[in-house]
Amino acid sequence: MITHDEAEVRAELRDWLRAHWDVNRSLVAWRNLLVDSGWGMPHWPRAWHGRSLPMALLPAVEEEFEAAQAVGVARIGIRLLAAATLLEHGSNAHKARFLRRILTGEDTWCQLFSEPGSGSDLAGATTRAHSDSDGWVINGQKLWTTSAHHADWGLLLARTDWDAPKHSGMSYFIIDMTQPGVEVQPLKQMNGHASFNQVFFTDAKVPAENLVGKTGDGWKIAMTTLAHERRNADALRRWGHASPYAGAIYDQERAEIATVMEPYKWYPQRAGRVDLIMSRARETGRLADPALRQDIARLMMLSRSAEWLAHRARQAKVAGKPEGPEGSLGKLVASHVARAASHVHTLISGADAMLAGADGPHDGLIAEILLSVPATSIAGGTDEIQRNIIGERVLDLPREPRMDTGPFRDVPRNPTRGR
Ligand SMILES: Cc1cc2nc3c(=O)[nH]c(=O)nc-3n(C[C@H](O)[C@H](O)[C@H](O)COP(=O)(O)OP(=O)(O)OC[C@H]3O[C@@H](n4cnc5c(N)ncnc54)[C@H](O)[C@@H]3O)c2cc1C
């Protein structure tokens, strides 16, 4: 049922789009208009480029954009994690300096959290920031940094106090990725792509004003970034659905997607491609195999239940309810479905599933699914970590024993890494 508010919002937006949408405008000029009008992020506060609309009205806004075939603000890649984090924890100066350029797509971002030896245990980070007369100086190494090779800015978690317990000795910084002292080295994965990098910091500078929150707030702020990452994980699967329409603004949007989403181009494969199972089983004639039909049916039931779970979580969010256990359950189920789907793809294609490139079925797509699927169980928190969270926070099982309390300086860790 369309409420009075929704009808009003739809009508106002339709009029605005009719008056302003122009396919021949430049992408940045158009997005500046969106930012000024607040229609780009209508659920954001009015003071910061939004219209303070309730989340529940977002789907209606998105439908109107689609109906007008209009391009929205830049929402892809890690830039939106940066936006969400700065909106919640940034100073007014941060918001004024960075939010607009994130929404117009002029700046791209990366997330510098994981390190060798601190991925699941993110609070074990040993990249350090020490203060000097101008601000902060960074030394250390990050790992698995998606998009660092084309990022303008990074969200950096670094240790500022070695005498505090590990969760409270970290701080959160905005770092210029293009400055001297920041070295980005791409890492090639077994699926042939190079989405992430290792990043080395050698006396890299961060001006004092680029500290987010207070010294020691790093862990709390990183949790905001990660919560948004888990929520947005689904959207990455839909990448590349750039508008099929013709016109200058669409060409620019497609070019932007090709650059910013380049690291994510295999992400749909890591989801196991349940969507291809039935057509592939039909075209190979394997749908007639009674044993395989059982496997396919089991996968379809699992996949449908996972969709409903994700739908429930989205509805709860739109209704403004606090986050429940769906986040960890959804992540765990999604990686289970992806693995099951890659298994069924192998059963359907047989030995051909291992052929890459033009030799393999669907131009090597099935082989790529097999090689990409393990990432689902790792990125954004491994399956084991999700199980720990569900065990401790949902099932109320005893917490894991801790050996890492007290000053971080005294916590046992790999002796080759610095302090
Ligand atoms: C596609 C992809 C993109 C990524 N992008 C980024 C990015 O942009 N920025 C960024 O900062 N990071 C990124 N990461 C890193 C990711 O967050 C980490 O890989 C992940 O958190 C796991 O950490 P780790 O690799 O250090 O594994 P480890 O923490 O070393 O874990 C190794 C194994 O031990 C298990 N394990 C560890 N601790 C426990 C425990 N307490 N109980 C039970 N089992 C345990 C783990 O589950 C895992 O199986 C990305 C990773 C992937 C795969």
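**Close-ups of a predicted model**

**View 1. Polar contacts hold the spotlight at the ligand.** Phe113 puts a polar backbone atom 3.0 Å from an oxygen atom of the ligand. This is a predicted model, so take each distance here as computed from it. Two side chains join in: a polar atom of Ser120 sits 2.6 Å from a ligand oxygen, and one from Thr382 is 2.5 Å from an oxygen of the ligand. On its own the ligand would expose 980 Å², and the protein buries 71% of that.

**View 2. Here is the shell around the ligand.** Helix H8 (267-270) and helix H13 (383-394) are the elements that each give two or more residues to this shell. H13 gives the most, with 3 residues. There are 19 residues around the ligand, and the ones that come nearest are Ser114, Ser120, Trp144, Thr382 and Glu384. Sorted by class, the shell has 7 nonpolar, 9 polar and 3 charged residues.

**View 3. Next up is the cavity.** The structure holds 1 cavity of 30 Å³ or more, with about 30 Å³ of space in it. Its lining is made up of Ile76, Gly77, Ile78, Arg79, Thr108, Trp109, Ser147, His150 and Val260. By class that comes to 4 nonpolar, 4 polar and 1 charged residues.

**View 4. Met223 sits in helix H6.** The helix spans residues 218-237. Met223 has a relative accessible area of 33%, so it counts as partly exposed, between the 20% and 50% cut-offs. Thr405 is 182 residues away from Met223 in sequence, and their C-alpha atoms are 19 Å apart in space.

Conventions
Residues numbered from 1 in each chain as written. Predicted model: local features only at pLDDT ≥ 70, side-chain atom pairs only at ≥ 80, totals over all residues. Heavy atoms only, no water. Helix = DSSP H or I, 4+ residues; strand = E, 2+ residues; numbered from the N terminus. Buried < 20%, exposed > 50% of the residue type's maximum accessible area, 1.4 Å probe, protein only. 1 Å grid on protein atoms, 1.4 Å probe; cavity = no way out; pocket = protein on both sides within 12 Å on 5 of 7 lines; lining within 4 Å. Points joined across faces, edges and corners; volume = space filled by probe spheres on them. Nonpolar A, V, L, I, M, F, W, Y, C, P; charged D, E, K, R; others polar. Near = heavy atom within 4 Å. Polar contact = N/O pair within 3.5 Å; in protein donor to acceptor, adjacent residues only side chain to side chain. Areas by Shrake-Rupley, 256 points an atom, 1.4 Å probe, with all protein chains shown as cover.
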